[in-house]
Amino acid sequence: FQTASTFITSTGTSIVLINGAKAYNVFWAVGSSATIALSSDFIGTILASASVTFGTSSVINGRALAQVAVNFAGGSTVASFYPITNSPSIQPTILPSLEPTLYPSVSPT
């Protein structure tokens, strides 16, 4: 979603994803400021050129990024939308120690 100016939700707005959409693939590009009204459930990443403001008891399952400020009213919640996976542990590679090469000193003649 993209808008050239402000983005304002109504009180109690809920964003619902369909057809297998994932929150981490949803982006809201806002030309100035975004306001998520009180008691709203919002999903996705908000990218605002000015600010993002969350009303009381609003919830975002995602991220809010702004060039000026991101404001949370009392009781607002940010939930992580990145899935937790069971990735294999990464083993460090141990390199053999390097010994310095010593050269004989040479005196000028």
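# Nine strands and a nonpolar core

Let me start with strand β5. Six of its eight residues are buried, so β5 is largely enclosed by the rest of the structure. What you have in front of you is a predicted model, and I will use β5 as the way into it.

First, the overall layout. The chain has 109 residues, and 26% of them count as buried. Its secondary structure comes to nine strands and zero helices. Reading from the N terminus, the elements therefore go β-β-β-β-β-β-β-β-β.

Back to β5, which covers residues 41-48. Which strands does it pair with? On one side of the account there is β3: β3 and β5 pair in the parallel sense, over four bridges. If you want to find that pairing on the screen, look for F27, whose bridge partner in β5 is T45. Then there is β7. Eight bridges join β5 to β7, and these two strands also run parallel. A place to look here is D41, which has V59 as its bridge partner in β7.

Now the other set of strands. Four strands make an open sheet in the order β2-β4-β6-β8, and the pairing is parallel. The edges of this sheet are β2 and β8, residues 69-72, each of which pairs on one side only.

Going through that sheet from the β2 edge, two bridges join β2 to β4, and the two strands run parallel. F7 is a residue to find here, with A34 as its bridge partner in β4. Next, β4, residues 33-36, is joined to β6, residues 51-54, by four bridges, again with the strands running parallel. S33 has S51 as its bridge partner in β6, and I36 has F54.

A word on β4 itself. In general, side chains in a regular strand alternate between the two faces of the sheet. In β4, A34 and I36 make up a covered face, while S33 and T35 make up an uncovered one.

That brings me to the interior. The largest nonpolar core has 13 residues, and the ones touching the most other members are F7, F42, I46, V52 and F54. Where does this core come from? At least two residues each are supplied by β3, β4, β5, β6 and β7, the last of these being residues 59-66. The strand giving the most is β5, with three residues.

Two of those core residues, F7 and F42, also turn up when we look at aromatic rings. A search of the whole structure finds four aromatic pairs. I will take two of them.

In one pair, F7 and W28, the ring centres are 5.4 Å apart and the planes are at 35°, so the pair counts as tilted. F7 is in strand β2, residues 7-8, and W28 is in strand β3, residues 27-30, so this pair ties together parts that are 21 residues apart in sequence. Both F7 and W28 are buried.

F7 also pairs with F42, and this pair is edge-to-face, at 6.0 Å centre to centre with 65° between the planes. Here F7 in β2 meets F42 in β5, so the pair ties together parts that are 35 residues apart in sequence. Taken as a group, F7, W28 and F42 form one aromatic cluster.

How buried are the two phenylalanines? F7 has a relative accessibility of 14% and counts as buried, because the cut-off is under 20%. F42 is buried as well, with a relative accessible area of 2%.

Last, the surface. Which residues make a nonpolar patch there? F27, L47 and L65 do, and the patch comes to about 250 Å². L47 brings us back to where we began, as it lies in strand β5. At 35% relative accessibility, L47 counts as partly exposed, because that class runs between the buried limit of 20% and the exposed limit of 50%. F27 we have already met, as the bridge partner of T45 in β5.

To go over the main points once more: β5 is largely enclosed, with six of its eight residues buried, and it pairs with β3 and with β7. The open sheet has the order β2-β4-β6-β8. F7, W28 and F42 form one aromatic cluster. That is all from me.

Conventions:
Residues are numbered from 1 along each chain as its sequence is written. This is a predicted model: local features need pLDDT of at least 70, side-chain atom pairs count only at pLDDT 80 or more; totals for chains, interfaces and linings use all residues. Side-chain values use heavy atoms; hydrogens and water are left out. Patches are made of residues with over 30% relative accessible area and no salt bridge: like charges are joined within 9 Å, nonpolar side chains (Val, Leu, Ile, Met, Phe, Trp, Tyr) within 5 Å. Accessible areas come from the Shrake-Rupley method with a 1.4 Å probe; for residues, only the protein chains shown count as cover. A salt bridge is a side-chain nitrogen of Lys or Arg within 4 Å of a carboxyl oxygen of Asp or Glu. Buried means under 20% relative accessible area, exposed over 50%, partly exposed in between (1.4 Å probe, protein chains only). Rings of Phe, Tyr and Trp (its six-membered ring) pair if their centres lie within 6.5 Å; planes under 30 degrees apart count as stacked, over 60 as edge-to-face and the rest as tilted. Two strands pair if DSSP finds at least two bridges between them. A nonpolar core is a set of buried Ala, Val, Leu, Ile, Met, Phe, Trp, Tyr and Cys residues joined through side-chain atoms within 4.5 Å.
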